[in-house]
Structures are given as structure tokens and as C-alpha cells.
Amino acid sequence: MGIVGNLNSDQLQFFNSEGYLVLESFASPDEIKSLRLRMDQLLDQFDCSSRASIFSTKNQQKTSDDYFFDSAENISFFFEEKAFDDDGNLKQPKELSINKVGHALHEKDPIFKSFSSSDKFSSLLVSLSYKRPAIVQSMYIFKQPGIGGEVVPHQDNSFLYTDPQTCTGLWLSLEDATITNGCLWAIPRSHKDGLVRRFIRDETGVHFDKPSPSYDHGDFVPIEVKAGALVVIHGDLIHQSFENKSSSSRHAYSLHVVDTDGCKWADDNWMRRNVDPEPLYAS
């Protein structure tokens with residue numbers, strides 16, 4: 001394989017203990033500039049008059065449609081809930097109205113694909129003992145100023161379930177993420193309590209198999225990071241982000257990885273692909 005893990009023993013110990021890890025300066029300023037410029041180009045090409053799909057973690061059961069499901073293998077655009085007026089018209093330009101773009105940037109776009117499949121991601125996954133990792137989902141998240149929506153407390157394994165469970169989130173800050181503009185928050189060590197519930201897709205659509213527990217806000221800690229930092233998130237870690245009521249955006253690029261060696265992708269996951277994702281490497 002020729003790829004060597006890039007995490008040291010202290011970093012691995014912190015990740016295994018707390019359920020997350022911050023890697024400062026994971027992406028260079030040039031890499032950040034490249035990803036942001038490419039997203040500007042994709043947004044410029046997007047004709048929002050032909051599509052108005054809304055993304056909401058509070059009401060995803062109601063807002064899921066064929067466009068959402070087909071996004072598993074496409075580059076799709078999802079608006080903020082608060083982007084529209086009562087007549088259904090955008091209240092600000094489209095580039096300030098989009099919630100996220102996903103879920104196959106890492107496959108369909110050459111700039112995002114090159115970055116997502118780089119050796120530094122593979123080296124990280126070697127450190128985390130992945131045998132045959134595959135990226136199953138990528139998202140460019142905008143957290144727009146003033147209207148950037150809340151992401152409610154959740155676990156990534158709920159949405160991208162394998163048996164055994166292998167999902168890891170890789171969340172790259174493309175701008176400084178602060179308490180003011182909607183940084184991540186997490187409950188340290190919550191990954192040790194196991195999976196709380198699953199997000200299921202069946203003949204009725206999508207829904208959770210259990211109601212959400214109530215969480216004490218005092219248990220969460222903010223994960224404030226500088227642009228270029230990568231937050232590695234255990235699949236069972238409970239994390240969230242609040243609305244962005246500030247005047248500054250909080251762009252991020254997020255990947256989710258699962259192992260495909262000895263692990264079965266759940267048939268009732270929301271994401272159903274026609275073609276299996278290519279592994280980053282095989283050990």
C-alpha cells in the first residue's frame with residue numbers, strides 16, 4: 001500500500017478517549033482557496049430558477065424528495081429554510097441562500113476529487129485502522145450569515161450505517177469557525193455510549209426509528225477552529241451546530257468515510273447508490 005499513518009500516539013489516544021480530534025493546518029491556504037474558488041464557479045453555473053430543494057435537519061422527513069435521494073451520486077444544491085419570502089422568492093442572492101452542496105463532490109468534480117483522495121486523507125485513515133475505506137458522502141456547507149440553519153444534535157452512524165459500524169466524519173474548516181458564526185459543538189466521550197437511533201429509508205420515505213433524546217446544553221463543548229483545521233469525528237459522537245446569526249459565513253467541506261472490508265452497508269440507509277464507491281486504498 002505504501003501509505004503510512006500520520007497520527008501520533010497522543011492524537012490517537014485523544015480521539016479514542018474524547019471521540020473527536022482537531023488537526024490544525026490540515027489544508028493549506030492554497031488548497032482552501034482552490035476549493036472555495038471552485039465552489040464559486042459551481043454556484044455561478046447553478047440555475048436556481050429550475051430547482052428549490054430545501055435542506056433542514058429539523059424537518060428532513062418532510063423536505064426529502066427525489067432530488068435529495070438522487071444527490072447520493074450527483075452535485076446537488078440545497079437552500080436554507082429561511083432563504084425564501086412568503087411568495088417563495090429568494091430574499092438574497094443565490095450564493096447567500098444555499099445551505100449546502102452535496103453529496104458526490106468528491107466523485108463528480110475534479111478539484112474536490114483530487115483533494116478528497118489525497119494521500120493525507122489516506123494516511124489519516126490508515127492511522128484509524130481502516131482497511132478499505134471509501135468516501136460515501138461529501139458536502140460543502142455554507143452556514144450563511146444571518147440565516148445559516150441549526151444542525152440538531154446527531155450521530156453520523158445514524159445516517160450512514162454499516163455492520164459493524166465504521167463511519168467517521170472529516171470536517172474541514174474553510175473559514176474560521178467560532179461560537180459567533182456557528183462552530184461545531186460536541187459532547188466529549190459520548191461516542192462510548194453507542195448509537196442512539198437510526199435514520200431509516202423505507203416505502204414511506206425517511207424517518208428516525210426512535211425519538212431524539214433530550215440533551216443538556218451544558219454537556220456540549222464548542223470546537224472553535226481556524227481555517228484549514230480538520231475535525232475528525234467518531235461516528236457515534238453526538239455533535240451539533242447552532243444557527244449563524246452573525247454577519248460572517250462559516251464555510252466547511254465535510255466528508256464521511258466507511259470501511260468496505262468486512263463491513264455491510266445497510267440496505268435501509270437513506271443513501272442508495274447504483275455504483276459502489278471506489279475505495280481510497282486497500283490494505
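**Strands, cores and aromatic contacts in a predicted model**

Strand S7 (residues 168-173) is mostly covered, with six of its six residues buried; buried here means under 20% relative accessible area, exposed means over 50%, and partly exposed lies in between (1.4 Å probe, protein chains only). Strands (E, at least two residues) and helices (H or I, at least four) are DSSP runs, numbered from the N terminus. The model is a predicted one, in which local features need pLDDT of at least 70 and side-chain atom pairs count only at pLDDT 80 or more, while totals for chains, interfaces and linings use all residues. Residues are numbered from 1 along each chain as its sequence is written, and side-chain values use heavy atoms, with hydrogens and water left out.

Looking along S7, Thr168, Leu170 and Leu172 point one way, Gly169, Trp171 and Ser173 point the other way, and all are buried. Two strands are said to pair if DSSP finds at least two bridges between them. S7 pairs with strand S12 (residues 230-234) in the antiparallel sense over five bridges, and the bridge partner of Leu172 in S12 is Leu230. S7 also pairs with strand S14 (residues 252-259), again in the antiparallel sense, over six bridges; here Thr168 stands opposite Val257.

Leu172 and Leu230 return in the packing of nonpolar side chains. A nonpolar core is a set of buried Ala, Val, Leu, Ile, Met, Phe, Trp, Tyr and Cys residues joined through side-chain atoms within 4.5 Å. The largest such core has 54 residues, and those with the most contacts inside it are Met39, Leu172, Leu230, Val232 and Tyr253. Helix H2 (residues 29-45) gives the most to this core, with five residues. Another core, of 19 residues, lies apart from it and includes Trp185, Phe220, Ala229 and Ile238.

A second enclosed strand is S3 (residues 98-103): six of its six residues are buried, so S3 is largely enclosed by the rest of the structure. Five bridges join S3 to strand S2 (residues 75-79), and the two run antiparallel. Four bridges join S3 to strand S4 (residues 133-141), also antiparallel. Val101 of S3 shows both connections: Phe77 stands opposite Val101, and in S4 the bridge partner of Val101 is Tyr140.

Aromatic side chains come next. Rings of Phe, Tyr and Trp (its six-membered ring) pair if their centres lie within 6.5 Å; planes under 30 degrees apart count as stacked, over 60 as edge-to-face and the rest as tilted. A search of the whole structure finds 19 aromatic pairs. Tyr140 and Phe142 form a tilted pair, at 4.8 Å centre to centre and with 50° between the planes; Tyr140 is buried, and so is Phe142. The rings of Phe159 and Phe199 have their centres 5.1 Å apart and their planes at 45°, so this pair is tilted too. Phe159 lies in the loop between S5 and strand S6 (162-163) and Phe199 in strand S9 (residues 199-202), so the pair ties together parts that are 40 residues apart in sequence. Phe159 is partly exposed, with a relative accessible area of 21%, whereas Phe199, at 3%, counts as buried. Tyr140 and Phe142 also belong to one aromatic cluster together with Phe26, Phe112, Phe115, Phe121 and Tyr253. Phe121 is in helix H7 (residues 119-127), where Phe121, Ser122, Ser123, Leu124, Leu125 and Ser127 are buried.

Some rings also face a charge; a charge sits over a ring if NZ of Lys or CZ of Arg is within 6 Å of the ring centre and within 35 degrees of the ring normal. The charged end of Lys100 sits over the ring of Phe78, 5.8 Å from its centre. Arg197 lies over the face of Phe208, at 3.5 Å from the ring centre.

An open sheet of four strands has the order S5-S13-S8-S11, with antiparallel pairing. Its edge strands, each pairing on one side only, are S5 (151-154) and S11 (221-223). Two bridges join S5 to S13 (residues 239-241), and the bridge partner of His154 in S13 is His239. At the other edge, Val221 is found in S11 and, at 28% relative accessibility, counts as partly exposed. The C-alpha atoms of Val221 and His256, 35 residues apart along the chain, are separated by 22 Å.
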